[in-house]
Amino acid sequence: QVQLVESGGGLVQPGGSLRLSCAVSGSIFSFSGVGWYRQAPGKQRELVASISSGYPIMYSDSVKGRFTISRDNAKNTVYLQMNSLKPEDTAVYFCKGSRPDTDYWGHGTQVSVSS
């Protein structure tokens, strides 16, 4: 029973901050990689940030310097700290865990940035 549940989304003004959480029902050690993706209306789902075994932490150019991905192994939780938010960051944010044979997705949490 693998389950990922996102939380922490909401409405924030430009320049504000949010921290998203992804709670993993199983052990986070079972994943070779974890990451955050987002999808805005009418657009493709895109990678935001990821942590994978044997690779450097990856960030989309559009969020580099503003967002930080991290994980707490003891709590089986992945985080996305989002600072200096812009209206173009508005999207549904998804958490993903990867194993050699398949990927597991959460259902997403809405982030809206507007004045």
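**Close-up 1. Strand β1 and its pairing with β3 in the predicted model.** In this predicted model, the side chains along strand β1, residues 4–7, alternate between two faces. Leu4 and Glu6 point to one face and are buried, whereas Val5 and Ser7 point to the other face and are not buried. Strand β1 pairs with β3 in the antiparallel sense, and the pairing runs over four bridges. Within that pairing, leucine 4 has valine 24 of β3 as its bridge partner.

**Close-up 2. The disulfide of cysteine 22 and cysteine 95.** A disulfide is, in general, a covalent bond between the sulfur atoms of two cysteines. The count for this structure comes to one disulfide, and it is formed by cysteine 22 and cysteine 95, with their sulfur atoms 2.2 Å apart. The pair links distant parts of the chain, since cysteine 22 belongs to strand β3 (residues 18–24) and cysteine 95 to strand β9 (residues 91–98), 73 residues apart. With -85 degrees about the S-S bond, the link is left-handed. Cysteine 22 is buried, and cysteine 95 is buried as well.

**Close-up 3. The largest nonpolar core, with leucine 80.** In soluble globular proteins, nonpolar side chains tend to be buried together. The largest nonpolar core of this model has 26 residues, and those with the most contacts inside it are Trp36, Val48, Phe67, Leu80, Met82 and Tyr93. The elements that give two or more residues to this core are β3, β4 (33–39), β5 (46–52), β7, β8, β9 and β11 (109–113). Strand β3 provides the largest share of the core, four residues. For a view centred on leucine 80, neighbours within four places in sequence are left aside; the residues in contact with leucine 80 are then Leu18, Arg19, Leu20, Trp36, Val48, Ala49, Phe67, Thr68, Ile69 and Tyr93.

**Close-up 4. Salt bridges and a network of shared partners.** Side chains of opposite charge can pair when their charged atoms come close. A search of the whole structure finds five salt bridges, and three of these pairs are described here, beginning with aspartate 103 and lysine 96, whose side chains meet at 4.0 Å, N to O. In this pair aspartate 103 counts as partly exposed because its relative accessibility is 38%, while lysine 96, with a relative accessible area of 12%, is buried. Elsewhere, salt bridges that share partners join Arg38, Glu46, Arg66 and Asp89 into one network. Within this group, the side chains of glutamate 46 and arginine 38 meet in a salt bridge at 2.8 Å, N to O. Glutamate 46 counts as partly exposed at 33% relative accessibility, whereas arginine 38 is buried, with a relative accessible area of 5%. The side chains of lysine 64 and aspartate 61 also meet in a salt bridge, at 3.3 Å, N to O, and here lysine 64 is exposed, as is aspartate 61.

**Close-up 5. The aromatic pair of phenylalanine 31 and tyrosine 104.** A pair of aromatic rings is described by the distance of the centres and the angle of the planes. The whole structure holds two aromatic pairs according to the search, and one of them is formed by phenylalanine 31 and tyrosine 104, a tilted pair with 6.2 Å from centre to centre and 55 degrees between the planes. Phenylalanine 31 lies in the loop between β3 and β4 and tyrosine 104 in strand β10 (residues 103–105), so the pair ties together parts that are 73 residues apart in sequence. With a relative accessibility of 5%, phenylalanine 31 counts as buried, whereas tyrosine 104 is partly exposed, its relative accessible area being 22%.

**Close-up 6. Positive phi values at asparagine 76 and serine 84.** Asparagine 76 has a phi near 50 degrees, a positive value in a residue other than glycine, and this asparagine 76 lies in the loop between β7 (67–72) and β8 (77–82). Serine 84 likewise has a phi near 50 degrees, again a positive value in a residue other than glycine. The place of serine 84 is in the loop between β8 and β9, and serine 84 counts as partly exposed because its relative accessibility is 41%.

Technical notes. Residues are numbered from 1 along each chain as its sequence is written. This is a predicted model: local features need pLDDT of at least 70, side-chain atom pairs count only at pLDDT 80 or more; totals for chains, interfaces and linings use all residues. Side-chain values use heavy atoms; hydrogens and water are left out. A disulfide is a pair of cysteine sulfur atoms within 2.5 Å. Buried means under 20% relative accessible area, exposed over 50%, partly exposed in between (1.4 Å probe, protein chains only). Two strands pair if DSSP finds at least two bridges between them. A nonpolar core is a set of buried Ala, Val, Leu, Ile, Met, Phe, Trp, Tyr and Cys residues joined through side-chain atoms within 4.5 Å. Contact means heavy atoms within 4.5 Å. Rings of Phe, Tyr and Trp (its six-membered ring) pair if their centres lie within 6.5 Å; planes under 30 degrees apart count as stacked, over 60 as edge-to-face and the rest as tilted.
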